[in-house]
Amino acid sequence: MISFKVDNLKSMGAHVKTFVDFLRLSGADDDEIFESKLVCCELITNVIRHGGDEAEFTGTLSGDTIEITVTAESFKNLDVSRPAPDVFAESGRGLYIIRSICGDIEHSECGEIKVFIKRHK
């Protein structure tokens, strides 16, 4: 498991690199790493850019699943139940990308979003 906090986009890259390194050392393939990095960056960017908030990140790799959890104050009121827009929409494109890769999004009232990426084994 790897955890970190990000409060600005400039430092996000270095934090995400530690997650990528963790996945690589844990045996994830290039496609799994790409998808995980994309989902991670979409969630963290949404927190910082749209919520002006700090993102708490946790990533794990267990068996056939990569689990990504991002917690933020701005996620407390996020409505993830609404239908996802398409890829060309002006708003909500990040959730479209995340759903395309992960399927369902688990959301709690404490501001936690949890997604699962199936490994390609």
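This report walks through the sheet, the helices and the largest pocket of the structure above. Keep in mind that this is a predicted model.

**The sheet**

Let's start with the strands. Five of them make up an open sheet, and its order is β1-β2-β3-β5-β4, with antiparallel pairing. The edges belong to β1 (2-6) and β4 (106-107); each has a single partner strand, so one side of each has no neighbour in the sheet. As background, strands of a sheet pair through backbone hydrogen bonds, and the pairing can be parallel or antiparallel.

Zoom in on β1 and you'll find that it pairs with β2 (residues 55-62) over five bridges, in the antiparallel sense. To pick out one pair, Ile2 has Gly59 of β2 as its bridge partner.

Two helices pack on this sheet, and here is how they sit:

| Helix | Strands touched | Angle between directions |
|---|---|---|
| α1 (residues 9-25) | β1, β2 and β3 (65-71) | about 170° with β1 |
| α2 | β1, β2, β3 and β5 | about 10° with β3 |

**Helix α3 and its buried face**

Now for α3, which spans residues 93-102. Its buried residues are Gly94, Leu95, Ile97, Ile98 and Cys102. If you look down the axis of α3, these buried residues fall within an arc of 160°, so they line one face of the helix. There's a handy rule behind such patterns: an α-helix has 3.6 residues a turn, so residues three or four places apart point the same way.

What covers the buried residues of α3? The cover includes α2 (30-51) and β5 (112-118). Just after α3 comes Gly103, and its phi is positive, near 85°.

**A residue inside α2**

Thr45 is part of helix α2. Is Thr45 buried or exposed? Its relative accessible area is 16%, and buried means under 20%, so Thr45 counts as buried. Leaving aside residues up to four places away in sequence, Thr45 touches Leu9, Met12 and His50.

**The largest pocket**

One of those contacts, His50, turns up again here. The largest pocket has a volume of about 410 Å³, and 19 residues line it. Nearest its centre lie Asn46, His50, Ser91, Gly92 and Gly94. Gly94 is also one of the buried residues of α3.

Which elements give two or more residues to the lining of the largest pocket? They are α2 and α3. The most comes from α2, which gives seven residues to the lining. So α2 appears in several parts of this picture: α2 packs on the sheet, helps cover the buried residues of α3 and lines the largest pocket.

Note on methods:
Residues numbered from 1 in each chain as written. Predicted model: local features only at pLDDT ≥ 70, side-chain atom pairs only at ≥ 80, totals over all residues. Heavy atoms only, no water. Buried < 20%, exposed > 50% of the residue type's maximum accessible area, 1.4 Å probe, protein only. Helix = DSSP H or I, 4+ residues; strand = E, 2+ residues; numbered from the N terminus. Arc of directions from axis to C-beta. Contact = heavy atoms within 4.5 Å. Pairing = 2+ DSSP bridges. Axes fitted to C-alpha atoms, helices over the stretch in contact; angles between N-to-C directions. 1 Å grid on protein atoms, 1.4 Å probe; cavity = no way out; pocket = protein on both sides within 12 Å on 5 of 7 lines; lining within 4 Å. Points joined across faces, edges and corners; volume = space filled by probe spheres on them.
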